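Open the model in a viewer and keep the selection panel at hand. The tour below goes from one selection to the next and says what is there.

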Amino acid sequence: MKKLSTPKIDEMCDLSSFRATHQDEIKEITQMLKKRGGELWIQTSVADELRTQQSGDEVTFVVNQNINFTQHCIGSCRFCSYSIKPGTVKDKPTRMSLDEIRIEAEKAVTRGCTELCIQGGLDSELDYEFYINLLETIKSVSSNLHIHGFSPSEIAFMSQISELTVEDVFKDLMSHGLDSFPGTAAEILVDEVRRKICPEKISTNQWVNIVLLGHSLGLKSTATMMYGHIETYQEEAEHLAILKYIQSNSKGFTEFIPLTFVYPNTVLYKYLGARPSSTGMHDLALFSTARLYLGESFSNIQASWVKLGPKLAQISLNAGVNDFGGTLFTENITKSAGGTFGEEKSIEEFVDLIRDAGRIPVQRDTMYSKLNTY
Ligand code: SF4
């Protein structure tokens, strides 16, 4: 395989002194993440009150579908059980053709989806043209389907295989139909942690600069954090401080999505000493901290039902959360890691869970425009 060059990123910020210049803030967030017992319930209650002021009583969700177009990946993230090395033969297809992608897009339209979420491995057997053809194929099915596609790590990969700058990759993808991108591949934005859990992945600085570049071109993205493995509360706090810093500069994040570590089938848990995910109290401390610390700049804090399970996702609505994410229809990545909460939720299931929490269910689009109130 041809050796990949470094992705070409015009750096918009340098984080080398971030930890030193934000140490008081990081300390304060760390204390919030550590709250337990009665102190945690006080914190969740204050976060809930703030959520009412900042986002009201509506709980939003999007009707969307995932397309994970290839399992082949040159990466070796220790928490990933979805990827297979290029050249590996499996008994079922592991890479989708453009025809299969078109059929999935047609199914999404029939199911009433407003968004397709597109992510895949870093597949050395795909060329850059494939990504352009993928976007065109989906838009040829429906120009109204919002394409939420390609993590910063995939954008860096496209820069490597095309030898275009990240900025030119973004511009090219946008001109062929990319509408927004997922702020995944963030994991924990601390290089000491990244070196252990995803040693070949883009660095913190590269992730931040790719996201800032995308935002500067007018693309919105989500912001994520994968927690509950080997990271400390202080490292989670540093991650949150970096997200707030980006948002204060670009205002390009639509929401913050904490993603608890789904562990059973992962190398990180089985051989490298990771914790078996977060505890429920850790989840609630993070959601309430996110609302209290990020709420002013991120009015949307999302619970991922596919990672947390619907019951804990519902409880999180009392700890600062105002968004339930997407219906998904097909989900492969969490399921491969050992997730057991299924691949899809119907609108009716969302509506029941949200109403039972005493809140108002609202279907939204990717950019948080309201579509239907239930
Ligand atoms: S998380 Fe993404 S980049 Fe890492 S191994 Fe899995 S598919 Fe590849």
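Start with Asp14, which counts as exposed because it has 10 C-beta neighbours inside 10 Å, and a residue with 12 or fewer is put in that class. The model is a predicted one. Asp14 belongs to the segment that precedes helix 1, residues 18-21. Add Phe157 to the selection and draw a C-alpha to C-alpha distance: the two residues, Asp14 and Phe157, are 143 residues apart in sequence and 21 Å apart in space.

Next, select Thr114. This residue sits in the loop between helix 4 (98-110) and strand 3. Is Thr114 buried or exposed? Thr114 has 22 C-beta neighbours inside 10 Å and therefore counts as buried. Draw a second distance, from the C-alpha of Thr114 to that of Ala20: they are separated by 43 Å, with the two positions 94 residues apart along the chain.

Move on to strand 3, residues 115-119, where 5 of the 5 residues are buried. Colour the two faces separately. Glu115, Cys117 and Gln119 lie on one side, Leu116 and Ile118 lie on the other, and both faces are covered. The general background is that side chains in a regular strand alternate between the two faces of the sheet.

Keep strand 3 selected and show its partners. Strand 2 (residues 64-68) runs parallel to strand 3 and is joined to it by 5 bridges. For one position to centre on, take Asn64, which stands opposite Glu115 of strand 3. Strand 4 (residues 146-149) is also parallel to strand 3, with 4 bridges joining them. Here the pair to pick is Leu116 and its bridge partner in strand 4, Ile147.

Now add helix 5, residues 128-141, to strands 3 and 4. What do strand 3, helix 5 and strand 4 make? Together they make a β-α-β unit, and the unit is right-handed.

The ligand is the next stop. Select the residues around it: Cys73, Gly75, Ser76, Cys77, Cys80, Tyr82, Ser83, Gly121, Leu122, Ser153 and Cys198. Colour this shell by class to see 6 nonpolar and 5 polar residues, with no charged residues.

Two helices follow. Select helix 9, residues 204-216. Its 13 residues reach 18 Å from the first C-alpha to the last, close to the 18 Å expected at 1.5 Å a residue. Helix 9 is mostly covered, with 11 of its 13 residues buried. The buried ones are Thr204, Gln206, Trp207, Val208, Asn209, Ile210, Val211, Leu212, Leu213, Gly214 and His215.

Then select helix 12, residues 280-294. From first C-alpha to last, its 15 residues reach 20 Å, which is close to the expected 21 Å at 1.5 Å a residue. How many of the 15 residues of helix 12 are buried? The number is 12, so helix 12 is largely enclosed by the rest of the structure. Among the buried residues of helix 12 are His282, Asp283, Arg291, Phe287, Tyr293 and Leu294.

For the next selection, take the open sheet formed by 4 strands in the order 8-1-9-10, with mixed pairing. Its edges are strand 8 (323-326) and strand 10 (370-373), each of which pairs on one side only. From one strand to the next the twist averages 25°. Within this sheet, zoom in on strand 9 (residues 360-364) and strand 10, which pair in the antiparallel sense over 3 bridges. Val362 has Thr373 of strand 10 as its bridge partner.

Stay in this region for the last two selections, both loop residues with an unusual sign of phi to check. Tyr368 lies in the loop between strand 9 and strand 10. Its phi is near 70°, a positive value in a residue other than glycine. Tyr368 counts as partly exposed because it has 16 C-beta neighbours inside 10 Å.

Finish at Leu328, in the loop between strand 8 and helix 15 (333-336). Leu328 is not a glycine, yet its phi is positive, at about 75°. With 21 C-beta neighbours inside 10 Å, Leu328 counts as buried.

Key: Residues numbered from 1 in each chain as written. Predicted model: local features only at pLDDT ≥ 70, side-chain atom pairs only at ≥ 80, totals over all residues. Near = placed C-beta within 6 Å. Nonpolar A, V, L, I, M, F, W, Y, C, P; charged D, E, K, R; others polar. Expected span 1.5 Å × (residues − 1). Buried ≥ 20, exposed ≤ 12 C-beta atoms within 10 Å, placed from the backbone. Pairing = 2+ DSSP bridges. Right-handed = clockwise from strand over helix to strand, strands pointing away. Axes fitted to C-alpha atoms, helices over the stretch in contact; angles between N-to-C directions.
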